[in-house]
Amino acid sequence: MLKYLRREIRDLEAYEVKERDYVVKLDANEGVDWLDGLNRYPVDRSDALRDKLARQLGKTPGELVFGNGSSELIELVFKAYLEAGETVVSFSPTFSMYRIFTLIHKGRYLEMPLKDMVSLDVEAFIAFANENRAKVVLISNPNNPTGTILSPEAIEKIVREVDAMVVIDEAYIEFSDQPLTDKTRDYPNAVVLRTFSKAYGLAGIRLGYMIAHEEVIGYINRVRSPYNLNVLTQGVGLKALESVAIARENIQMIKEERERMAKVLRDKGFDPLPSQANFLFFQAKKGLYRYLADQGVLIRGFGGDLEGYYRLTIGTPKENDIVINAIEEAQNERSQDR
Ligand SMILES: *Cc1c(COP(=O)(O)O)cnc(C)c1O
């Protein structure tokens with residue numbers, strides 16, 4: 001949407017890399033091949049990967065852009081749309097990188113608290129964004145670290161009623177019961193971000209993608225560094241898209257394990273929030289966290305307003321059994337102290 005685009009970006013053109021057939025290629029100052037043809041720069045817009053993903057999603061390639069993780073894509077939205085001093089709005093608690101990226105890009109970052117850490121008053125959130133003249137609204141859906149999710153209707157209402165770009169960060173959407181649909185064709189102020197880091201189990205390759213209106217993708221390409229996606233990542237990403245059955249099985253396993261672990265935690269006296277992601281969020285004593293850490297079982301603890309809250313990623317059945325045993329040991333030990 002041109003309306004929200006930064007002034008400096010309006011007159012920029014996207015850097016175009018022309019792919020042409022050649023006999024000798026001496027136009028890019030590349031070095032000598034000694035390792036698997038990696039002397040060549042990657043295909044700039046990840047064409048093979050993009051075509052394949054577009055087909056799987058029912059999109060045109062022009063509605064997609066890849067990033068070095070979806071983290072890069074959040075920053076590209078700020079580069080295209082956020083002027084210094086302008087406001088970014090989200091709710092709390094949420095992904096801590098939103099604040100950090102906003103401050104790096106010289107924005108003002110504001111959060112509206114969720115009710116009981118769970119529910120969002122959608123009307124109040126829209127008013128909050130508009131009263132603070134938000135330029136970008138960030139929505140983690142499902143939300144990290146709570147695991148809760150907003151309905152497609154709530155998202156659409158926010159997109160329709162705020163006067164801002166709305167980034168819907170769907171890093172965990174594959175673990176939810178909602179269909180993978182989006183309204184970016186109807187709403188050019190909506191941007192959907194997804195990643196290969198969670199459901200695809202490929203955090204190591206740093207690969208994320210954006211779905212947005214073709215016009216928006218064009219603007220994002222103006223601020224994106226050429227060749228941002230390396231050759232190795234493009235190759236593995238393509239392989240991942242050819243292995244959707246494996247991803248689907250893993251997602252199903254994690255969803256089942258999530259429900260098993262939620263029940264175990266409830267049986268042990270904890271109260272995890274209902275989760276639509278691959279983690280559970282619950283309150284516990286610091287002693288439990290320390291005991292687990294001593295056993296080499298790492299879960300995520302938080303500080304500040306979230307002191308006393310913990311986030312447990314759902315692992316394989318075997319890993320989860322180790323967690324369960326460690327929690328039982330911790331509880332037994334404590335009862336012996338008394
Ligand atoms: C993990 C996560 C990401 C993904 O980051 P990548 O850079 O793609 O690895 C994005 N948003 C949220 C809320 C996350 O939890």
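This report walks through a cavity, a nonpolar surface patch and a buried residue in a predicted model.

## The cavity

Let's start on the inside. The structure has 1 cavity of 30 Å³ or more, and the space in the largest cavity comes to about 60 Å³.

Who lines it? The lining is made up of Asp44, Arg45, Ser46, Arg50, Leu64, Val65, Phe66, Asn221, Arg224 and Asn228. Sorted by character, that lining splits into 4 charged, 3 polar and 3 nonpolar residues. As for secondary structure, strand 1, spanning residues 64-67, is the top contributor to the lining of the largest cavity, giving 3 residues.

## The nonpolar patch

Now for the outside. Trp34, Leu35, Leu38, Val231 and Leu232 together make a nonpolar surface patch of about 530 Å².

Take Trp34, one of the patch residues. You'll find Trp34 in the loop that runs between helix 1 (7-10) and helix 2 (47-57). Is Trp34 buried or exposed? Trp34 has a relative accessibility of 72%, so it counts as exposed, the cut-off for that label being over 50%.

## A buried spot in helix 6

Ile158 sits in helix 6, which covers residues 152-161. Its relative accessible area is 0%, so Ile158 is buried; the label needs a value under 20%.

Ile158 also pairs up nicely with Phe125 for a sequence-versus-space check: the two are 33 residues apart along the sequence, while their C-alpha atoms are 8.1 Å apart in space.

Conventions. Residues are numbered from 1 along each chain as its sequence is written. This is a predicted model: local features need pLDDT of at least 70, side-chain atom pairs count only at pLDDT 80 or more; totals for chains, interfaces and linings use all residues. Side-chain values use heavy atoms; hydrogens and water are left out. On a 1 Å grid over the protein atoms alone, a cavity is a set of points where a 1.4 Å probe fits but cannot get out, and a pocket is an open set with protein on both sides within 12 Å along at least five of seven lines; lining residues have an atom within 4 Å of a point. Grid points are joined across faces, edges and corners, and a volume is the space filled by probe spheres set on the points. Helices (H or I, at least four residues) and strands (E, at least two) are DSSP runs, numbered from the N terminus. Ala, Val, Leu, Ile, Met, Phe, Trp, Tyr, Cys and Pro count as nonpolar, Asp, Glu, Lys and Arg as charged, and the others, Gly among them, as polar. Patches are made of residues with over 30% relative accessible area and no salt bridge: like charges are joined within 9 Å, nonpolar side chains (Val, Leu, Ile, Met, Phe, Trp, Tyr) within 5 Å. Accessible areas come from the Shrake-Rupley method with a 1.4 Å probe; for residues, only the protein chains shown count as cover. A salt bridge is a side-chain nitrogen of Lys or Arg within 4 Å of a carboxyl oxygen of Asp or Glu. Buried means under 20% relative accessible area, exposed over 50%, partly exposed in between (1.4 Å probe, protein chains only).
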